[in-house]
Amino acid sequence: MLCCGVTLLLGTMAFGQTKGDSTLSLANWPAVGDGATDDTASIQAAINRAIEVQGTLLVPPGPHGGCYSSGNLLIRNSTNLTIRGTGGKLCWRGRGPNNAR
């Protein structure tokens, strides 16, 4: 699936990984994943790190069975980013720190 110029294909990486390590997991960030909590900041941090290490961000099922709720996310131009769903969902809510309403 393609959304917003990002390949969404739905693994694991720690905060300290460096370039060459290719896989990160949203589970390593403090996202709640209950469908109600705004996880925008955690998702943005995970995306930024994936870009930094030129990796793939995996989206596992939310620990509370819902989706990871997000407002607008910023993905820089000329970025090669893959986001793979591994049973999880990103749910856009149309708000967030990059486009507060």
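## Exercises on a predicted model

Gln-54 is found in the loop between α1 (40–52) and β4 (56–59); helices (H or I, at least four residues) and strands (E, at least two) are DSSP runs, numbered from the N terminus. Residue numbers start at 1 in each chain as its sequence is written, and side-chain values use heavy atoms, without hydrogens and water. The model is predicted: local features need pLDDT of at least 70, side-chain atom pairs count only at pLDDT 80 or more, and totals for chains, interfaces and linings use all residues.

**Exercise 1.** Is Gln-54 buried or exposed, and what is its phi?

Step 1. Apply the cut-offs: buried is under 20% relative accessible area, exposed over 50%, partly exposed in between (1.4 Å probe, protein chains only).
Step 2. The relative accessible area of Gln-54 is 58%, so Gln-54 is exposed.
Step 3. Its phi is near 55°, a positive value in a residue other than glycine.
Step 4. For comparison, most residues other than glycine have a negative phi.

**Exercise 2.** Describe the fold of the protein and how confident the prediction is.

Step 1. Count the elements: there are one helix and seven strands.
Step 2. Put them in sequence order: the pattern is β-β-β-α-β-β-β-β.
Step 3. Look at pLDDT, the predictor's confidence in each residue from 0 to 100. The protein averages 76, and 71% of the residues score at least 70.
Step 4. Find the weak part: over residues 1–18 pLDDT stays under 50. In the model these residues have 49 contacts (heavy atoms within 4.5 Å) beyond four places in sequence.
Step 5. Where pLDDT is low, the predicted coordinates should not be read in detail.

**Exercise 3.** Which residues of the largest nonpolar core touch the most other members?

Step 1. Define the core: buried Ala, Val, Leu, Ile, Met, Phe, Trp, Tyr and Cys residues, joined through side-chain atoms within 4.5 Å.
Step 2. The largest such core has 15 residues, and those that touch the most other members are Leu-24, Leu-26, Ile-47, Leu-57, Tyr-68, Leu-81 and Ile-83.
Step 3. At least two residues of this core come from each of α1 and β4. The largest share, five residues, is from α1.
Step 4. Over the whole protein, 43% of the 101 residues count as buried.

**Exercise 4.** Which cysteines form a disulfide, and what does the link tie together?

Step 1. Search for cysteine sulfur atoms within 2.5 Å of each other. The count comes to one disulfide.
Step 2. The partners are Cys-67 and Cys-91, with sulfur atoms 2.1 Å apart.
Step 3. The angle about the S-S bond is -135°, and the link is left-handed.
Step 4. Cys-67 lies in the loop between β4 and β5 and Cys-91 in strand β7 (residues 90–92), so the link ties together parts that are 24 residues apart in sequence.
Step 5. Both Cys-67 and Cys-91 are buried.

**Exercise 5.** Compare the surroundings of Ser-42 and Asn-72.

Step 1. Ser-42 is in helix α1, while Asn-72 is in the loop between β5 (68–70) and β6 (82–85).
Step 2. Ser-42 has a relative accessible area of 11% and is therefore buried. Asn-72, at 18%, is also buried.
Step 3. Leaving aside residues up to four places away in sequence, Ser-42 touches Leu-26, Trp-29, Pro-30 and Ala-31.
Step 4. The side chains of Asn-72 and Trp-92 are joined by a polar contact of 2.6 Å. A polar contact is a pair of N or O atoms within 3.5 Å; within protein, one must be able to donate a hydrogen and the other to accept it, and residues adjacent in sequence count only if both atoms are side-chain atoms.
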